[in-house]
Amino acid sequence: MENAFGRGCAAIRAAGEFDQRVQSLEARSRQVLSCTPRESFVWLLAFNLEVLHGRLNEQSFNLLAMSYETSPNEAWISIRRIIVAMPLILVAPEPVRQKILFEFQQLIRNGFED
């Protein structure tokens with residue numbers, strides 16, 4: 001049976017590994033966007049990483065807005081975007097809030113209510 005110290009060390013290792021993976025995702029997303037700036041999923045990933053860090057500001061919402069601009073009508077990305085964006089709708093700037101609401105309405109109209 002593992003003692004509390006062992007569990008604590010394992011948790012610290014896991015947190016360190018998580019931080020390394022997040023940093024890797026951030027670096028890769030910047031690299032991808034520098035080569036292919038129309039990758040809406042990567043813009044969404046970049047926004048989600050900002051949210052993970054607790055950064056909900058104009059710059060982070062600009063990342064979400066870029067995801068909307070680069071693929072406004074793709075259901076596969078819309079579903080993922082709604083999952084990330086809808087819980088933050090009340091703190092989103094008005095233009096982004098309108099995009100979130102419109103996309104949600106479109107998904108419902110098109111039969112993606114699940």
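**Note on a five-helix predicted model**

1. Glu-69 is partly exposed, with a relative accessible area of 47%. The side chain of Glu-69 forms a salt bridge with that of Lys-99, at 4.0 Å from N to O. This pair ties together distant parts of the chain, since Glu-69 belongs to helix α3 and Lys-99 to helix α5, 30 residues apart. Lys-99 likewise counts as partly exposed, at 29% relative accessibility.

2. The structure under review is a predicted model. The mean pLDDT of the protein chain is 90, and 89% of its residues reach 70 or more. Among the elements of the chain, helix α3 (residues 58-70) has the highest mean pLDDT, 97. The lowest value, 82, falls to helix α1 (residues 4-35).

3. What does the secondary structure consist of? The protein chain has five helices and zero strands. Along the sequence, the pattern reads α-α-α-α-α. Of contacts between residues at least 6 apart in sequence, 53% join residues that are at least 24 apart.

4. The protein chain has 114 residues, of which 31% count as buried. Its accessible surface comes to about 7,700 Å². Carbon and sulfur atoms account for 58% of that surface.

5. Side chains of opposite charge can pair when their charged atoms come close. How many salt bridges does a search of the whole structure find? The search returns five. One of them, between Glu-69 and Lys-99, was described in the opening point; two others are taken up in the points that follow.

6. A second salt bridge joins the side chains of Arg-81 and Glu-103, with an N to O distance of 2.5 Å. This pair also links distant parts of the chain: Arg-81 is in helix α4 and Glu-103 in helix α5, 22 residues apart. Are the two partners buried or exposed? Both Arg-81 and Glu-103 are buried. For Glu-103, the assignment follows because its relative accessibility is 4%, and buried means under 20% relative accessible area.

7. Glu-103 merits a closer look for its surroundings. Which residues does Glu-103 touch, leaving aside those up to four places away in sequence? They are Tyr-68, Pro-72, Ser-78, Arg-81 and Ile-82. With Tyr-68 there is a polar contact of 3.3 Å between the side chains. The side chain of Glu-103 thus takes part in both a salt bridge with Arg-81 and a polar contact with Tyr-68.

8. The side chains of Glu-50 and Arg-55 form a further salt bridge, at 2.9 Å from N to O. Here the partners fall into separate accessibility classes. Glu-50 is buried, with a relative accessible area of 14%, whereas Arg-55 is partly exposed, at 35%. The classes differ because the value for Glu-50 lies under the 20% limit for buried residues, while that for Arg-55 falls in the range between 20% and 50%.

9. Where on the model does a nonpolar patch occur? Leu-56, Leu-90 and Val-91 form such a patch on the surface. Together these residues have about 320 Å² of accessible area. Val-91 is placed in the loop between α4 (75-85) and α5 (94-109).

Methods
Residues numbered from 1 in each chain as written. Predicted model: local features only at pLDDT ≥ 70, side-chain atom pairs only at ≥ 80, totals over all residues. Heavy atoms only, no water. Patch = residues over 30% accessible without salt bridge, like charges linked within 9 Å, V, L, I, M, F, W, Y side chains within 5 Å. Areas by Shrake-Rupley, 256 points an atom, 1.4 Å probe, with all protein chains shown as cover. Helix = DSSP H or I, 4+ residues; strand = E, 2+ residues; numbered from the N terminus. pLDDT = per-residue confidence, 0-100. Buried < 20%, exposed > 50% of the residue type's maximum accessible area, 1.4 Å probe, protein only. Contact = heavy atoms within 4.5 Å. Polar contact = N/O pair within 3.5 Å; in protein donor to acceptor, adjacent residues only side chain to side chain.
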